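Q: I'd like to learn how to read features off a model like this one. Can we take it one feature at a time?

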Amino acid sequence: MGKYTQLSADIIQNVGGKENVKKVIHCVTRLRFYLKDESKANDEILKNMDGVVTVVKAMGQYMVVIGEHVADVYDEVCLQLGIQAQGSGERKADTSKEKKSLLDRGLGVVMSGMISILNLMCACGMVKGLTVVAVMLGLPETSGVHALLNAAGDCLFYSLPLVLGFNIAKKYEIDPFFGLLLGAALTYPSIQGVDLDFFGYTVNATYTSSFLPVLFGLLFAIPLYKWLDRHIHKLLKGFLTPLITLLFAFPLTFLLIGPFAHMVGNGINFVINFLFELSPILGGVVLGGLWQILVMFGVHGVLVAFAFYDLLAGNPSTMIGITCVVCFAVCGTLLGTILKTKSEQIKSAGSSALVSAFLGVTEPAMYGIIISKKQLLAATCIGGSAGGLAVGLFGLKAYTYAGIGIIGMLGFLNPEGANIPGVVLVVVIPFLVSFLVTMLIYKEESTQTAKTEKQNASDAGRNTITIKMPADGKIKPMSEAQDEVFASETLGKGCVVQSDDGKVYAPVNGTITTLFPTKHAIGITSSDGVEVLIHIGINTVALEGKYFEEKVKQGDHVATGQLLMCFDKEVIEKEGYSTEIPLVITNTADYLDVVELEHKHYKHGEEILKIFS
């Protein structure tokens with residue numbers, strides 16, 4: 001069993017199983033699932049799973065945030081799903097029931113083209129940045145070494161329509177090499193930037209290092225390709241389908257669709273650049289302050305995609321410059337938190353997240369530490385604004401994409417004269433500002449040690465929440481659960497319930513937030529905010545709902561003692577399954593302690609757990 005085998009299996013199970021996954025890709029920190037039915041995913045279990053940072057839903061994607069090991073987890077997920085692990089691994093999409101807005105579909109196309117090649121673009125951008133450094137150190141620009149470095153740095157950007165054509169064609173389930181073919185035709189060297197006469201109509205276009213022309217061209221070509229593929233005899237369609245599609249799509253794209261796409265792209269970038277040119281300082285302050293919020297909701301990639309369009313056209317980008325420095329504000333907040341906290345857990349998690357943030361991966365810091373504390377989020381946003389302000393004041397821009405974090409600063413080096421002091425300052429300023437703000441405003445809610453907190457948890461002054469018995473039967477420690485995930489308390493503290501009669505009752509007043517389609521697990525959020533998971537049996541998900549009868553539905557408000565589920569205890573045990581019921585407080589980390597009472601026989605409705613806050 002591999003290191004991420006069990007984690008991947010648990011993720012697949014809790015996004016609704018293999019049959020619920022239409023497609024999965026990944027970016028720097030996230031598995032991005034396209035699910036047939038998002039309601040089948042168990043948000044709370046995923047959020048509290050060891051190895052998962054959190055869950056985000058946006059742009060029609062169900063994002064499971066993993067962190068720096070996402071690529072390894074992605075490979076294992078693809079293996080278990082039975083799909084090819086690529087930049088954009090996918091299953092056949094069942095779109096018959098899918099309803100997406102035009103905006104969501106458009107953004108999906110943009111993201112599908114760009115996500116899988118960001119690391120490659122980063123590598124080429126770093127080569128370009130290192131080439132600038134080499135020239136500063138004395139490498140002659142007329143040398144063969146310089147020519148080779150330039151070729152390595154520019155190759156992907158120059159040939160971008162070929163790569164994007166491949167990805168977009170693959171997304172829309174035609175031969176991806178046709179997308180590559182259309183991109184190759186559009187970038188054929190002898191027709192770039194020259195006047196071509198077509199019956200008196202002159203066209204002069206350049207499609208190398210472009211994005212939108214091949215995308216728009218494929219949006220026309222793909223329906224034609226699919227229609228021909230359905231109607232041409234199978235012995236002929238292998239070459240006739242691409243032949244006919246190319247003969248129609250290529251001239252139309254070169255003459256009409258491509259110029260229109262350039263006009264759209266130039267219009268979008270005119271608006272973006274106008275705002276930053278009008279006031280680069282104001283633009284930097286606003287975008288720098290909001291950037292981490294956009295990252296948290298997973299919609300930042302769309303803005304970057306359009307900024308890339310300008311960058312690929314050979315124009316340096318202020319927007320990308322601003323977004324690159326915000327991670328240093330996160331670093332400053334983390335360092336301040338590490339120095340001020342008395343929690344060894346936060347110190348340990350913060351130190352690891354600090355390394356990741358320094359390299360540009362901020363999700364572990366944001367989700368694991370910062371967003372749960374308003375003071376830290378405020379400090380980060382203030383530091384981000386300071387970084388954007390510095391970029392605007394010093395007039396810095398990204399001249400190429402060299403990645404994120406400290407390595408990405410290579411992209412700030414202007415080949416015509418690198419502003420080294422400015423580049424250093426836009427790293428130092430957001431770091432220092434967020435660090436100082438954190439040191440000034442951050443206060444922990446409690447300065448007691450964990451030991452003292454436990455000793456004083458029963459003091460009259462502490463808030464105590466009680467959890468009632470969800471069945472008639474006995475309880476035993478969670479450490480004795482037959483499932484190692486529950487026994488290790490990975491999902492949270494609680495106890496194991498052994499039911500006498502196969503009836504499950506509400507242990508709290510609250511709302512049914514999760515009711516698995518297989519009926520074996522129920523999630524309840526109490527009116528006090530306690531998140532309770534009642535998992536009926538071990539591996540009973542395999543029964544697919546047989547022998548279970550639900551008495552409530554997802555979204556229902558329930559009262560303590562209300563009957564939630566009946567299950568045929570004897571039949572399930574005869575089929576070889578354990579019917580013990582782990583009762584888990586999945587947001588255990590929000591409280592000082594969860595304490596079990598005496599391990600004995602209870603009637604439903606009697607108190608079995610105390611939660612101290």
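A: Sure, let's start with a hairpin: E12 and E13 form one with four residues between them, and glycine 529 in the turn has a positive phi of about 95°. Strands here (E, at least two residues) and helices (H or I, at least four) are DSSP runs, numbered from the N terminus. Two strands pair if DSSP finds at least two bridges between them. Before we go on: this is a predicted model, where local features need pLDDT of at least 70 and side-chain atom pairs count only at pLDDT 80 or more, while totals for chains, interfaces and linings use all residues. Residues are numbered from 1 along each chain as its sequence is written, and side-chain values use heavy atoms, with hydrogens and water left out.

Q: How many bridges hold E12 and strand E13 together?
A: Five, and the pairing of E12 with E13 (residues 531–535) is antiparallel. As a register mark, take alanine 521, which stands opposite histidine 535 in E13.

Q: Which strand pairs with E12 in the antiparallel sense, besides E13?
A: Strand E11 (residues 510–515), again over five bridges. Leucine 515 stands opposite isoleucine 522 in E12. The hairpin of E11 and E12 has five residues between the strands, and lysine 519 there takes a positive phi near 70°.

Q: Is strand E12 mostly covered or mostly open?
A: Check relative accessible area: buried means under 20%, exposed over 50%, and partly exposed in between (1.4 Å probe, protein chains only). Five of the six residues of E12 (residues 521–526) are buried, so the strand is mostly covered.

Q: How do I read an open sheet, and in what order do the strands E7, E18 and E20 come?
A: Follow the pairing from strand to strand. Here the order is E7-E20-E18, with antiparallel pairing. Strand E7 (464–468) and strand E18 (593–596) are at the edges; each has a single partner strand, so one side of each lacks a neighbour in the sheet. Neighbouring strands are turned by 25° against each other on average, direction ignored. For such angles, axes are lines fitted to C-alpha atoms (for helices over the stretch in contact), and angles run from 0 to 180 degrees between N-to-C directions. Zooming in, E18 and strand E20 (residues 607–612) run antiparallel and are joined by four bridges, with valine 594 opposite isoleucine 611 in E20.

Q: Which strands stand at the edges of the open sheet E10-E16-E14?
A: Strand E10 (503–505) and strand E14 (548–550), each pairing on one side only. This three-strand sheet is antiparallel too, and its twist averages 20° from one strand to the next. E14 pairs with strand E16 (residues 563–567) over three bridges, and glutamate 550 stands opposite methionine 565 in E16.

Q: What about salt bridges: how many does a search of the whole structure find?
A: Side chains of opposite charge can pair when their charged atoms come close. The cut-off used is a side-chain nitrogen of Lys or Arg within 4 Å of a carboxyl oxygen of Asp or Glu. The search finds six. One of them joins lysine 476 and glutamate 580, with the closest N and O atoms 3.2 Å apart. Lysine 476 lies in strand E8 (residues 473–477) and glutamate 580 in the loop between helix H21 (569–574) and strand E17 (581–585), so the pair ties together parts 104 residues apart in sequence.

Q: Are lysine 476 and glutamate 580 buried or exposed?
A: Both are buried. Now look at lysine 551 and glutamate 549, whose side chains meet at 2.8 Å, N to O. Lysine 551 counts as partly exposed at 40% relative accessibility, and glutamate 549 is also partly exposed, at 42%.

Q: Where do lysine 569 and glutamate 573 lie?
A: Both are in helix H21, four residues apart, about one turn of the helix. They form a salt bridge too, at 3.2 Å between the closest N and O atoms.

Q: Last one: where in helix H18 is threonine 438's side chain making a polar contact?
A: A polar contact is a pair of N or O atoms within 3.5 Å; within protein, one must be able to donate a hydrogen and the other to accept it, and residues adjacent in sequence count only if both atoms are side-chain atoms. A polar atom of the threonine 438 side chain lies 2.7 Å from the backbone oxygen of serine 434. Threonine 438 is buried, at 0% relative accessibility.
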